[in-house]
Amino acid sequence: MRTATYFFIFLNLSLALFEEPAVYPLPFLATSVLEVLCLLVFLGRLTHFAKVTLHNVFWKDTKNICIMVAILLSLTDLAIYGVLRLYDVRSIRWSRIVRPIFLINFAESRQIRRAFRSIRNTLPEITYVFLLFMFSLLMFSLMALKLFGERNLQTAEGLPYFRNYLEIVFDLYVLVTTANSPDVMMPAFDFSSWYALFFIAFVIVNTYIFMSLFLAVVYNNYKKHLKVMGGGACE
């Protein structure tokens with residue numbers, strides 16, 4: 001039964017590849033029949049679980065409530081989408097975002113829930129590092145606006161270079177990943193080679209220091225919460 005549950009969860013999540021807009025489009029009737037089949041299996045699994053569980057225990061378990069709500073939302077969305085499709089009204093399947101709930105909340109997914117809770121418990125503790133990183137990014141963006149914004153520099157495509165603050169924030173955010181390096185710094189470097197010091201300082205502070213610190217905090221806190229949950233009582 002565990003294997004069957006995982007199979008239908010995987011099938012339900014995979015439908016996103018075949019539903020419009022799709023990577024490999026299939027007729028709406030085919031995907032809707034498969035989704036209804038998956039939801040019926042989930043409902044049957046939940047009913048079976050209710051039969052072997054005390055009534056009060058079953059209804060107090062948040063996981064069971066989440067599954068029932070996800071099934072109801074999916075069926076409602078499927079019905080609305082089908083009716084709108086009959087009248088040639090374009091719409092989207094908003095219930096796709098609830099499909100991972102089935103993966104997390106079934107009784108067979110205890111290890112996945114442990115990992116999910118560890119991530120959830122880690123998030124508040126990495127918020128301070130993330131806020132420091134964002135503060136650094138915003139300050140460097142402001143410095144870049146003052147350094148380059150008044151010099152009428154242009155990119156290789158002839159576009160204004162570092163004159164809009166929000167665009168600067170985005171470009172420097174991408175530079176943290178080095179995806180746009182060295183292109184993003186070339187107009188300033190061509191104007192004066194000394195401006196390379198600004199980008200070197202930015203990369204050292206944000207890419208090497210903050211990203212390493214961010215990774216260390218995430219890893220240590222995740223490991224700590226996973227160890228605490230592993231040592232506690234199992235569900």
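Does Phe162 count as buried or exposed, and at what relative accessibility? In this predicted model, Phe162 counts as buried, because its relative accessibility is 5%, and buried here means under 20%. We will come back to this residue after a look at the whole chain.

**The overall picture**

The protein is built from nine helices and has zero strands. If you walk along the sequence, the pattern you meet is α-α-α-α-α-α-α-α-α. For a compact globule of 235 residues, a radius of gyration near 18 Å would be expected, whereas this protein has 25 Å. Its C-alpha trace spans about 75 × 55 × 25 Å along the principal axes.

How much of the chain is buried? Of the 235 residues, 32% count as buried. The area that the protein exposes is about 14900 Å², and carbon and sulfur atoms supply 71% of it. Contacts are also worth a glance: among those between residues at least 6 apart in sequence, 67% join residues at least 24 apart. As for charge, the protein carries 21 positive and 15 negative charges, and the mean positions of the two groups are 15 Å apart.

**What the UniProt record adds**

An unreviewed UniProt entry annotates residues 26-44, 65-84, 126-145, 165-182 and 194-219 as "transmembrane region". The record also lists residues 1-16 under "signal peptide", again from an unreviewed entry. Such annotations may be inferred rather than shown by experiment. The table sets three of these annotated spans beside their computed helix content, strand content and end-to-end C-alpha distance.

| Residues | Helix | Strand | Distance between end C-alpha atoms |
|---|---|---|---|
| 1-16 | 81% helix | 0% strand | 24 Å |
| 26-44 | 89% helix | 0% strand | 26 Å |
| 165-182 | 67% helix | 0% strand | 20 Å |

**Backbone details in the loops**

Most residues other than glycine have a negative phi, and most peptide bonds are trans. With that in mind, a few places in this model deserve a closer look.

Take the loop between α6 and α7, where Phe162 lies. Phi of Phe162 is near 55°, a positive value in a residue other than glycine. Asn152 lies in the loop between α6 (110-148) and α7 as well. Asn152 is not a glycine either, and its phi is positive, at about 55°. Is Asn152 buried or exposed? Asn152 counts as exposed because its relative accessibility is 57%, and the cut-off for exposed is over 50%. Phe162, in contrast, is buried at 5%.

Further along, which residues does a cis peptide bond join? The bond lies between Ser181 and Pro182, with omega of about 0°. Pro182 is found in the loop between α7 (165-176) and α8 (186-191). Residue 182 is also where one of the annotated "transmembrane region" spans, 165-182, ends in the UniProt record.

**Met186 in helix α8**

Met186 is found in helix α8. Its relative accessible area is 31%, so Met186 is partly exposed. Where does Met186 stand with respect to Leu137? The two residues are 49 apart along the chain, and their C-alpha atoms are separated by 19 Å. Leu137 falls within 126-145, one of the spans annotated as "transmembrane region".

Key:
Residues numbered from 1 in each chain as written. Predicted model: local features only at pLDDT ≥ 70, side-chain atom pairs only at ≥ 80, totals over all residues. Heavy atoms only, no water. Helix = DSSP H or I, 4+ residues; strand = E, 2+ residues; numbered from the N terminus. Rg over C-alpha atoms; globule rule 2.2 N^0.38 Å. Buried < 20%, exposed > 50% of the residue type's maximum accessible area, 1.4 Å probe, protein only. Contact = heavy atoms within 4.5 Å. Areas by Shrake-Rupley, 256 points an atom, 1.4 Å probe, with all protein chains shown as cover. Lys, Arg positive; Asp, Glu negative; His and termini not counted. Charge placed at Lys NZ, Arg CZ, Asp CG, Glu CD.
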